[in-house]
Amino acid sequence: GKTGHEGTRVGMPLERIKIIRGVKFCDGQMMNYEPKRFLLWGVIDGIFNPASAFYSKRLLLSILFLVSISGLVFFAAIFQPVAEVENYKRNTETFRGVVTFLHSFTPFLLGLYVSVCVNRWWTIRTDGIGGLWGAIDNFCMMMSLYINQNSEEDKHTRHTVLRYCLLSHALVYKQASEEWTMSDLQEAGMITEEELSILDPLPSKHQVIWEWIA
């Protein structure tokens, strides 16, 4: 058990992990981020984060070009010479029609956004959490088939594997809520003091547990 823990520590060097403006990277790939950091005015800081799409210079140039074209069209429409009052009213009605169309189109876009949010939540619920729980059930069933003796060693192995699986499941919620207080897990008997001291400085703790199982 101890050798496996030490192997996990060596296999996941902390030098590969970098945190840039609230986003955690491993070898240049984004692992996770702090949601609270990007609320309200934090969105402005997130725009210049390497994980943001706006970090691409090509995308920024494209947006700047489109905004410039929109500005030119706007000023051309505003400052065009108006010879008659009727012509001015006709132009006003045209802009009003555009605004009305956009106003009726907004609920459709919001409906798509809400649908995407719900689909993402359901995917996390079924493929993420549900997939992990299904893997735990299948793994424990295989353990019961292959390690099926009534000896103390086999009982200890089955109990340890089940404990690690439940610990990984619990740590997923800890990771999502950014709550790393382990006292409740210790009281529940899911983790020992020695295991906690090894796990505490490591990132992605719920994934480390599966390294212990392997």
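A nonpolar core here is a set of buried Ala, Val, Leu, Ile, Met, Phe, Trp, Tyr and Cys residues joined through side-chain atoms within 4.5 Å; buried means under 20% relative accessible area, exposed over 50%, and partly exposed in between (1.4 Å probe, protein chains only). The model is predicted, so to speak of local features takes pLDDT of at least 70 and side-chain atom pairs count only at pLDDT 80 or more, while totals for chains, interfaces and linings use all residues. Residues are numbered from 1 along each chain as its sequence is written, and side-chain values use heavy atoms, with hydrogens and water left out.

**Exercise 1.** Work out which residues and helices build the largest nonpolar core.

*Step 1.* Start with the members: there are 24, and Leu167, Leu171, Leu185, Ile191, Leu199, Ile209 and Trp212 touch the most other members.

*Step 2.* Now map the helices (DSSP runs of H or I, at least four residues, numbered from the N terminus). At least two core residues come from each of α4 (85–146), α5 (152–177), α7 (193–199) and α8. The top contributor is α5, with seven residues.

*Step 3.* Zoom in on Ile209. Leaving out residues up to four places away in sequence, Ile209 touches Tyr164, Leu167, Ser168, Leu171 and Leu199; a contact means heavy atoms within 4.5 Å.

**Exercise 2.** Find where the buried residues of helix α8 sit around its axis.

*Step 1.* List them: in α8 (residues 205–213), Lys205, His206, Val208, Ile209, Trp212 and Ile213 are buried.

*Step 2.* Take the directions from the helix axis to the C-beta atoms. The buried set covers an arc of only 150°, which puts them on the same side of α8.

*Step 3.* Recall the helix geometry: an α-helix has 3.6 residues a turn, so residues three or four places apart point the same way.

**Exercise 3.** Explain why Cys140 and Cys165 don't form a bond.

*Step 1.* Set the cut-off: a disulfide is a pair of cysteine sulfur atoms within 2.5 Å.

*Step 2.* Check the distance. Cys165 holds the closest cysteine sulfur to that of Cys140, but at 4.5 Å this is too far for a bond.

*Step 3.* Widen the search: the whole structure has zero disulfides. As for cover, Cys140 is buried at 18% relative accessible area, whereas Cys117 is partly exposed at 33%.
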